[in-house]
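I opened the model to look up three things. They are the ligand shell, a sheet and a helix pair.

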Amino acid sequence: MTARAAYRLPAHRRLTLALAAPVAALILSLAVASIALVLSGSNPFPAYGRMFSYGFELETLVDMVNRATPLYLSAVAVAIGFRMNLFNIGVEGQYILASIIAAQVAAELSLPAPLHLTVIILVGMATGSMWALIAGVLKVTRGIHEVISTIMLNAISISLVVAMLFRQWDVPDESLNQETAEIPPSGRMPNLNGFVELFTREISKGRVLWGFVIVAIIIGILYWLYVARTRPGYDLRASGINPLAAEASGVSPKRTVIVAMALSGAVGGLVGLPEVLGRDYAYGLQFTQNLGFAGIAVALLGQNHPGGIAIGALVFGFLDSAAPILDVHGDAPQEIVEIMKGIIIFAAVITYVVVQRRRQDEEARAASLAMASSEADPPAEGATDAAAPDSRPAP
Amino acid sequence: MTPALSLEDITKRFPGVLANDRVNLTVAEGEIHAICGENGAGKSTLMNVLYGMLPADEGRIVVRGDEVHFRSPRDALAAGIGMVHQHFMLADNLTVLENIILGAEPTGRAGRIDFARARRRVAELSDAYGLDVHLDEPVENLGVGERQRVEIIKVLYRGARILILDEPTSVLVPHEVEELFRNMRDMCARGETIVFIDHKLDEVLEIADTITVLRAGRTVATVKPEEVSPRDLAELMVGSELPTPEARTTAAQDAVALEVKDLSVLDDDERAVVKGISLEVRRGEIVGMAGVEGNGQVEFVEALLGIRAPAGGQVLLEGSEINEWTVRQRREAGVGYIPEDRHRRGLLLPAPLWENAMCGHQSKEPYSRHGFWLTPKAARQRTRELIAAFDVRTPGPDVAAHALSGGNQQKLIIGREMVMTPNLLIAAHPTRGIDVGAQAAVWETLHRAREQGLAVLLVSADLDELIGLSDRLLVVFRGRISAALDPATVTPRELGAHMTGAAADVEEPQPA
Ligand SMILES: Nc1ncnc2c1ncn2[C@@H]1O[C@H](COP(=O)(O)OP(=O)(O)OP(=O)(O)O)[C@@H](O)[C@H]1O
Ligand SMILES: [Mg+2]
């Protein structure tokens, strides 16, 4: 048996297959959106054309990445839970609460820049983590399903945020701009415009590329390492696949729930920070909500895979950032992108199954080639010569 | 007379494996037809083709003279063919009744399920065939024997006249096997036709009217039980002579590997199911714990592993108390485990074999470094070794566990425990579903490991396995050790009587 696992498909083939599903989903969603556009009396082609040309302008791309960054973090937070069949609906509440607390701590601290930022990020993660842990502890000690508890916790955290905004700053109720105090420059995330402009032209229209995308990339890499390359990550996956077998293998189900919730919440705590540290320098009313829920969709689209989630987040970011152009020119209502997002998720779920089956087939075929050509004594006489007719690659 | 069923030149390829190679099978009306063959010979595949679960690549299926083309089990059921799978397919969280009628619910007014009618019908069936089940129990609380009866009723409820049973006896204890055989004869007397798969040759010879042997995807023989001996049959299956079991020697050392003192354990409903069991397993000794399922063995094993906290008593490993140890601590200390149900507690079915091989040893070399970083390359290599050493029939370590035949999955589990050279092996029905040839090899492996000082607690209801493997036998009955027997002198009959409690009341409980 010298032939090294020949039935693992070559890397490029695995990549193509991995990309096939999202691409197919995208095409399908374009098709369905076109039908919707035609039915509503618009011509889809100029609309797409404009979305496309506007969408690939540098400023729009910057906007796309800025929108994708929180989506990515949110989806990773959700995916950590999904990996062991935990449904953390609570990313929403975790990031809102984490953002306001991090913003407040950031405004009150004065530290040298790198340290200041690090502390803010850790405060956000800790807050998100604690908030998620409540649900974890309730599940482990009281058997309360995490969907119920995280939905409740979402409501509580939103109320808490409102209460904090109004009490802390003692502003009259009618005032519309309740905000936490401004974060000093040492606590702001530097933008990446300078870096990008090294390779491209100057970014105009006052757009900035938030530096937080770096944090998101690091989180993505850590997530991948954790799940694919560490023993606790294996434990997490095993519990997701077969909790009883995982338990017998030495994985404590309770501990795994706690760890998964804590990690999910820690990543969830980061979701609001790109805005707070990169744009608003405070927590205020312009703060974007619903990113926690959007993350569930993106995690689904990316099949909990760090790379898949990145693609999903970028696609959604692209649609969001390119959509406004539709209204400007009156080609189509920009809400059409919401339809597209829905179809993408729907189509992705289907195409994944198809692609997966295809991949299994190809792997098995490669396996049969490997078996037929291996000189090692055949495991079963029938199996080996049997493999021959099948081993010829399909035309 | 037209046969009930005939399969002609059935060929089924899985990419990479030719599972069925022009198989022919003719089943006469009202007969019990056994299918035998090695693990991976293609028995389950053939039955899945017949049941419409898998499309055949080539060949014809003829039912009572008419050629049929099943596209799904629904079509097969409509033609009166029903199947009980090797691995049960019940919804754990539904009750027995709900499971039986699932997908074939009788509806009353306004499309609502008519549970009263369903209950009557199911009760009739279970009475008529003597298949005892608790209709309102959630399936997750049932033992294997009862799960199987549920599966059989489920198929009968759908009006099957030809019944396919894939390894029905491998999960049953002797008296349940007798009961099943009685049921099977009754069913045949009522006009049912039965096709079943079995690895136990004496059982096959006892019950079958006709036997078809498959090897490496081909039909090698169709024989009548009167014409063959178990040995002939085994040789037909394996294609060569069976190894003869070596003479019994003792290798027991003085050092005690596992000591259990007065252990009691509660089940999920807080009922005491293990009531003060004490026993010892020495290094180099195989202690058989014989018992009919449901006498507390599952909970006892869970307590030994650390999955279930004991209600009282002590567990000592190599002399130190381990009551407070986690499962992982115990496994790292060299406790190996072969679960009684490979799918429930044993495997990560969609995961590749190498990830299954490390399951239970993920914190140890060569699967991980410092108990933290996984080492997939080394893990694959180790998996390749164990695949070769334990004759797991598969292309390699990246294949998903669900693509293995049942017996090969079992061999993988045995292999993954044995390659880690455990100090103590807790083995529940280790050779369940394994063919005669592989069984001999597993026994051989266990005997050799025993000579190296391995202590084995063998929890089983399989008389051959218990008598053939054990150095000492303990019988567990209603949560207590009811007898200690010598496997060298005890007969299967006596052992069976002890297990069912028929002999228990005359004997004093005598802990090891
Ligand atoms: N879904 C699948 N994908 C790929 N190969 C498969 C699949 N199912 C079965 N096989 C292969 O087909 C062959 C026959 O398997 P099958 O399950 O029919 O064996 P079997 O005779 O029932 O064995 P056992 O006694 O172990 O249950 C085996 O080599 C197995 O690995
Ligand atoms: Mg089988």
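I looked first at ligand 1, which has 20 residues around it; B:N39, B:S44, B:T45, B:S405 and B:G407 come nearest. I counted a residue as near if its C-beta atom, placed from the backbone, lies within 6 Å of the molecule. This is a predicted model, where local features need pLDDT of at least 70 and side-chain atom pairs count only at pLDDT 80 or more, while totals for chains, interfaces and linings use all residues. Residues are numbered from 1 along each chain as its sequence is written, with chains lettered from A and ligands numbered from 1 in the order in which they are written.

In chain B, β2 (17–27), α1 (43–50) and α14 (406–418) each give the shell at least two residues. Helices (H or I, at least four residues) and strands (E, at least two) are DSSP runs, numbered from the N terminus. I noted that domain 1 (5–238) and domain 2 (257–506) of chain B both contribute to the shell, so ligand 1 lies between them; the bounds come from an automatic or database domain assignment.

Next I traced an open sheet of 4 strands in chain B, ordered β2-β1-β4-β5 with antiparallel pairing. Pairing requires at least two DSSP bridges between two strands. I found β2 and β5 (66–68) of chain B at the edges, each with a single partner strand, so one side of each has no neighbour in the sheet.

Last, I checked α9 (residues 231–241) and α11 (residues 253–268) of chain A: their axes come within 10 Å and cross at roughly 110 degrees. Axes are lines fitted to C-alpha atoms, for helices over the stretch in contact, and angles run from 0 to 180 degrees between N-to-C directions.
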